[in-house]
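Here are my notes on the model you sent. Please read them beside the coordinates.

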Amino acid sequence: MNQTKEDHPLTKYIAEASKQGLSKAQIIKTLTDEGWRINDILDVILERILPEDVKVQEVAPAQDAIISVRSIRKSYGKVAALDNISLDVPRGSVLGLLGPNGAGKTTLVRVLTTLLKPDSGTAIVSGINVAENPSLVRNHIGLAGQYAAIDENLTGKENLELVGKLYHLAPEVIVARTQDLLERFSLVDAANRTAKTYSGGMRRRLDLAASLVGEPEILFLDEPTTGLDPRSRSELWEVIEGLVKDGTTVLLTTQYLEEADYLADNIIMIDHGKVIAQGTARELKAQIGGGVVELHLSDKRRMTEATQLLQGVGAEPAHVDEVSGHITIPVEDGAKTLVEAVRLLYTAGLELADIELRKPTLDEVFLKLTEKGASNDK
Ligand SMILES: Nc1ncnc2c1ncn2[C@@H]1O[C@H](COP(=O)(O)OP(=O)(O)OP(=O)(O)O)[C@@H](O)[C@H]1O
Ligand SMILES: [Mg+2]
């Protein structure tokens with residue numbers, strides 16, 4: 001990157017001397033003896049001592065990243081679906097990509113899975129530049145897209161076998177993997193029925209099974225559990241956890257923040273094609289401060305009255321929470337606000353069914369971060 005350092009007359013000498021086993025101290029001594037300025041020597045030694053180092057720094061932005069995205073842009077007409085996105089996914093981890101409808105999640109997944117060319121920027125997946133060598137990237141990845149990509153007219157078993165053939169696997173490998181996946185995804189009984197007779201949950205499971213036939217190093221899941229009942233969802237979570245335990249790296253998009261909270265090591269929130277927050281679930285929750293006082297009134301009809309009464313007690317206005325349907329007050333000094341809220345409500349004759357002081361949920365973080373410019377399109 002920094003051309004002047006590479007071209008520095010000392011670079012070659014120092015690289016050569018290191019190769020011959022001279023220590024940094026010996027190199028500095030020899031060069032100062034020769035009349036070089038110590039600052040010039042240190043510049044070269046500290047920043048890029050060996051040509052190999054220079055190379056590594058240029059192609060691998062983050063050391064243990066199996067996915068590295070730098071300044072990716074993709075526009076559709078005036079809509080910037082991806083607006084200068086950069087991120088890294090450490091090998092063996094789960095990245096949860098969150099964002100409202102139209103935020104750019106599917107577009108990013110499509111770029112990383114070689115289905116879409118970005119306007120600019122670089123994406124390195126498993127050490128391979130996606131734009132330069134898409135077919136090689138495909139050998140390392142599996143994708144279960146937002147809309148299941150199975151063939152309705154084939155049976156579950158045939159669908160998996162077909163994917164095996166597309167991967168040019170040996171026939172006996174196809175048979176073994178198909179059987180294994182049908183078992184892991186509880187599809188043995190339905191294996192010989194056409195996929196059009198499958199329920200939504202079974203289709204999702206079959207789709208995910210299909211994405212695993214090639215035993216990918218990296219798995220992309222675009223909203224893997226949308227439309228599933230809570231039980232099927234947690235079954236799928238277990239399968240994903242198992243894959244991660246075996247070393248698979250997972251990038252998943254989701255609308256369910258609880259899902260990201262449960263599965264993801266790191267979370268990146270995007271909106272309007274930009275990264276708006278990132279960190280672990282815990283770090284993101286800490287970002288919006290202390291906690292939340294949540295109130296449940298005995299008489300639900302008096303919610304508005306109570307909400308108005310409680311304006312100004314917390315760090316931010318009280319409001320009726322869209323998720324729980326209860327009154328919530330973001331607070332910094334939890335205990336004090338709690339006492340004050342109870343006092344105000346009792347004085348007004350409003351009875352409480354329950355009150356608690358809790359940590360913010362990821363939903364609250366998400367709503368707070370996206371409230372300024374909610375993505376409103378599709
Ligand atoms: N093929 C396309 N042609 C035109 N606009 C598109 C196309 N694909 C995506 N977009 C636009 O790009 C933006 C990002 O879309 P994308 O599908 O990536 O969002 P998303 O985060 O996956 O949303 P959702 O949660 O609804 O799946 C949206 O404004 C969308 O309308
Ligand atoms: Mg999408």
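The points below go from the whole chain to the ligand, then to two helices and one sheet.

1. Status and overall content. This is a predicted model. The chain has 378 residues, of which 35% are buried. Its secondary structure comes to 16 helices and 14 strands. Among contacts with a separation of 6 or more, 67% are between residues 24 or more positions apart.

2. Ligand 1. The shell around ligand 1 holds 14 residues, and the closest are Tyr76, Ala81, Lys105, Thr106 and Thr107. Two elements, β2 (79-90) and α6 (105-112), each give two or more residues to this shell. The largest share comes from α6, with 3 residues. By class, the surroundings of ligand 1 are 7 polar, 4 nonpolar and 3 charged residues.

3. Helix α9, geometry. Helix α9 covers residues 171-184, 14 residues in total. From the first C-alpha to the last it reaches 20 Å, close to the 20 Å expected at 1.5 Å a residue. Just after α9, Ser186 has a positive phi of about 50°.

4. Helix α9, burial. Which residues of α9 are buried? They are Arg177, Thr178, Leu181 and Leu182. These residues lie on the same side of α9, because they cover an arc of only 130° around the axis. Glu172 and Glu183, on the other side of α9, are exposed. The cover over the buried residues of α9 includes α8 (156-166) and α10 (200-212).

5. Helix α10. How many of the 13 residues of α10 are buried? The count is 11, so the helix is mostly covered, with a residue counted as buried if 20 or more other C-beta atoms lie within 10 Å of its own. The buried residues of α10 include the charged residues Arg203, Arg204, Arg205 and Asp207. Also buried in α10 are Met202, Leu206, Leu208, Ala209, Ala210, Ser211 and Leu212. The elements that cover the buried residues of α10 include β6 (141-144), α8, α9, β7 (218-222) and α11 (230-245). Thus α9 is among the elements covering α10, and α10 is among those covering α9. The length of α10 agrees with expectation, because its 13 residues should span 18 Å at 1.5 Å a residue and its end C-alpha atoms are 19 Å apart.

6. The open sheet, order. An open sheet is formed by 4 strands in the order β12-β13-β11-β14, with antiparallel pairing. Its edge strands are β12 (319-320) and β14 (352-358), each of which pairs on one side only.

7. The open sheet, pairings. Strand β11 (residues 291-297) is joined to strand β13 (residues 327-331) by 5 bridges, and the two run antiparallel. Within this pairing, Gly291 has Val331 of β13 as its bridge partner. The pairing of β11 with β14 is also antiparallel and extends over 6 bridges. Here Leu295 stands opposite Ile355 in β14.

8. Exposure of the edge strand β14. Why does β14 lie largely in the open? Of its 7 residues, the number buried is 0. This strand is also one of the two edge strands of the sheet. The contrast with α10 is worth checking on the display: 11 of the 13 residues of that helix are buried, whereas in β14 the number buried is 0.

Terms used: Residues numbered from 1 in each chain as written. Chains lettered and ligands numbered in written order. Predicted model: local features only at pLDDT ≥ 70, side-chain atom pairs only at ≥ 80, totals over all residues. Near = placed C-beta within 6 Å. Expected span 1.5 Å × (residues − 1). Buried ≥ 20, exposed ≤ 12 C-beta atoms within 10 Å, placed from the backbone. Arc of directions from axis to C-beta. Contact = placed C-beta atoms within 7 Å. Pairing = 2+ DSSP bridges.
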